[in-house]
Amino acid sequence: MITTHDTDRTPLADEAVEPGKIPWYRNMAIQMLVALVAGSAVGALLPQFASDLSPLSAAFMKLIKALVGLVIFLTIVQGIANIGKGANVGRLGLRAIIYFEVLTTLAMAMGLLVSRLFEPGAGMNIDYHTLNTNAISSFVATAEHRTTVSWLLSIIPDTFLSAFINGNLLPILLMAVMFGMALLKMGERASSLVDMMEKMSEAVFGMVGMVMKFAPLAVFGAIGYTIGNYGLASMVPLLKFLVLFYACCVVFIALVLGSVCLYTRVSLCRLIMYLRVEILLAFGTASSEAVLPNIMKKLVEGGVKKHVVGFVIPAGFSFNLDGSSMYFVMAIMFVAQACNVPLTLSQELSMILVFMLTSKGIAGVAGAGFVTLAATLQMFPQIPLAGIVLLLGIDRFMDAMRTVTNIIGNAVATLTLAKMEGALDYQMLNKVLQTSPK
């Protein structure tokens, strides 16, 4: 159960909020940093050995993915069942959609502006006819079958149980909202069922706490495998693009999300420190799913009502991808510049409009970044589809930063929408933020 009582908090939460009360070597944030450094060193010095480390992160991710769907379902159902007024769900949903679209559009606009100003792909003079496209054939095949209609139909599961099987969060979100609304209409008759689901939620979060103990090993394996497999020298021609994207994400977090935090009356720096363990894990594994349950728990502990957390975080996981949206625009601009393909301003703006549709719901798609890029490039035939092969070597490192940006963006979105709904306890929030180091 997601709860604000100290007795129900997991060891991970205690380590993140009050690290001074435990030995430094047991602090999860320190363990993550050590894992990042050690994994990088092993990948650079022992690449063949490091290339065999991927099962460490794969096993961790399989355990987390096995629990994420159940966590989201139980949290949303409890939140809606206890909300009191069903009309609030619709109002929250409308506000969330507007917020998501505004923020992701700003992220794409910033990515477009930076790409036009700095032209990271200029000078590469790539002859795309010579590129090996075998590495992206699976992504292209997936993209050919990805349409707006098929995506909308994929939200509706074949059966109730199949919503939890295919790894897509949107069917789970749909079933949870419907089930929660049904319990809300039942009123007091559903109280025993809601109580039982709260106990189930408490048990599931206990399982999440067990899995999180292995997070540093997952980070060590993921970073070691990436550097060992691709190497550092192979990424030199793409270093400018990598650095530019990281800088763009930092500026977006500081300026755009920082401005939103001023409206919400929340310190962005303290919020980041409060979520530092989850941010490090997201960077190491390049996966939002790995930190989704714990971020939901921490936001509830920070004074956000359950129904807001239960709705905004899972929805934002599919619709509020600030870092991913920025990357998609910059990636296509990079490919066009590298292959010496000029784009007009109208073509670039239409690209943003297309991405507003094609980027939704990508979280549950394997190779989501390349699927979305391939799907969008097919709508712009003047840009060579084979050009995205250039990005394979650095995509893992790009994915790490865009995941971190997505995580911080969704945390800020949850607090902001909670303020709009009058569902944010500032006293609780200030208490947990003040316990984090400056």
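Helices here are DSSP runs of at least four residues, numbered from the N terminus. The model is predicted. In the chain, 20 helices and 0 strands are found. Of its 438 residues, 57% are buried. The accessible surface amounts to about 18600 Å², and carbon and sulfur atoms account for 67% of that area. When contacts between residues at least 6 apart in sequence are considered, 85% of them join residues at least 24 apart.

The interior contains a nonpolar core. The largest such core comprises 127 residues, among which F60, F241, L281, M326 and V412 touch the most other members. Helix α4, residues 54-81, gives the most to this core, with 13 residues. The contacts of L281 illustrate how the core is joined: with residues up to four places away in sequence left out, L281 touches M32, F60, M212, A215, V219, A286, A290 and V291. In soluble globular proteins, nonpolar side chains tend to be buried together.

Helix α4 also holds residues that are not buried. K65 lies in this helix and is partly exposed, because its relative accessibility is 49%, a value between the limits of 20% and 50%. K65 is separated from L292 by 227 residues in sequence, but the two C-alpha atoms are 9.9 Å apart in space. A second pair of this kind is formed by E289 and M61, which are 228 residues apart in sequence and 8.0 Å apart from C-alpha to C-alpha. E289 is placed in the loop between α13 (276-285) and α14 (292-301). With a relative accessibility of 10%, E289 counts as buried.

L70 is another residue of helix α4. Its relative accessibility is 31%, so L70 counts as partly exposed. Together with F160, L161, F164 and I165, L70 makes a nonpolar surface patch of about 490 Å².

Helix α19 covers residues 395-421. Its 27 residues reach 38 Å from the first C-alpha to the last, close to the 39 Å expected at 1.5 Å a residue. Because 25 of the 27 residues are buried, α19 is largely enclosed by the rest of the structure. The helix is followed by G422, which has a positive phi near 65°. Within α19, the side chains of R402 and D399 meet in a salt bridge, with an N to O distance of 3.1 Å. These two residues are 3 apart in the helix and therefore separated by about one helical turn. Both R402 and D399 are buried. R402 is also touched by S324, which has N406 as a further contact when residues up to four places away in sequence are not counted. S324 is in helix α16 and is buried, since its relative accessible area is 7%.

The structure holds 6 salt bridges in total. One of them joins E421 and R95, whose closest N and O atoms are 2.8 Å apart. This pair links distant parts of the chain, with E421 in helix α19 and R95 in helix α5, 326 residues apart. E421 counts as buried because its relative accessibility is 14%, whereas R95 counts as partly exposed at 30%. A further salt bridge, with an N to O distance of 3.2 Å, is formed by the side chains of E301 and K297. Here the partners are 4 residues apart in helix α14, so about one helical turn separates them. E301 is buried at 6% relative accessibility, and K297 is buried with a relative accessible area of 2%.

Two loop residues have notable backbone angles. Most residues other than glycine have a negative phi. E119, which is not a glycine, has a positive phi near 45°. E119 is found in the loop between α5 (87-118) and α6 (137-144) and is partly exposed, with 39% relative accessibility. N340 likewise has a positive phi, about 55°, although it is not a glycine. The location of N340 is the loop between α16 (322-338) and α17 (345-358). N340 counts as partly exposed because its relative accessible area is 46%.

Conventions:
Residues are numbered from 1 along each chain as its sequence is written. This is a predicted model: local features need pLDDT of at least 70, side-chain atom pairs count only at pLDDT 80 or more; totals for chains, interfaces and linings use all residues. Side-chain values use heavy atoms; hydrogens and water are left out. Buried means under 20% relative accessible area, exposed over 50%, partly exposed in between (1.4 Å probe, protein chains only). A nonpolar core is a set of buried Ala, Val, Leu, Ile, Met, Phe, Trp, Tyr and Cys residues joined through side-chain atoms within 4.5 Å. Contact means heavy atoms within 4.5 Å. The expected span of a helix is 1.5 Å times one less than its number of residues. Patches are made of residues with over 30% relative accessible area and no salt bridge: like charges are joined within 9 Å, nonpolar side chains (Val, Leu, Ile, Met, Phe, Trp, Tyr) within 5 Å. Accessible areas come from the Shrake-Rupley method with a 1.4 Å probe; for residues, only the protein chains shown count as cover. A salt bridge is a side-chain nitrogen of Lys or Arg within 4 Å of a carboxyl oxygen of Asp or Glu.
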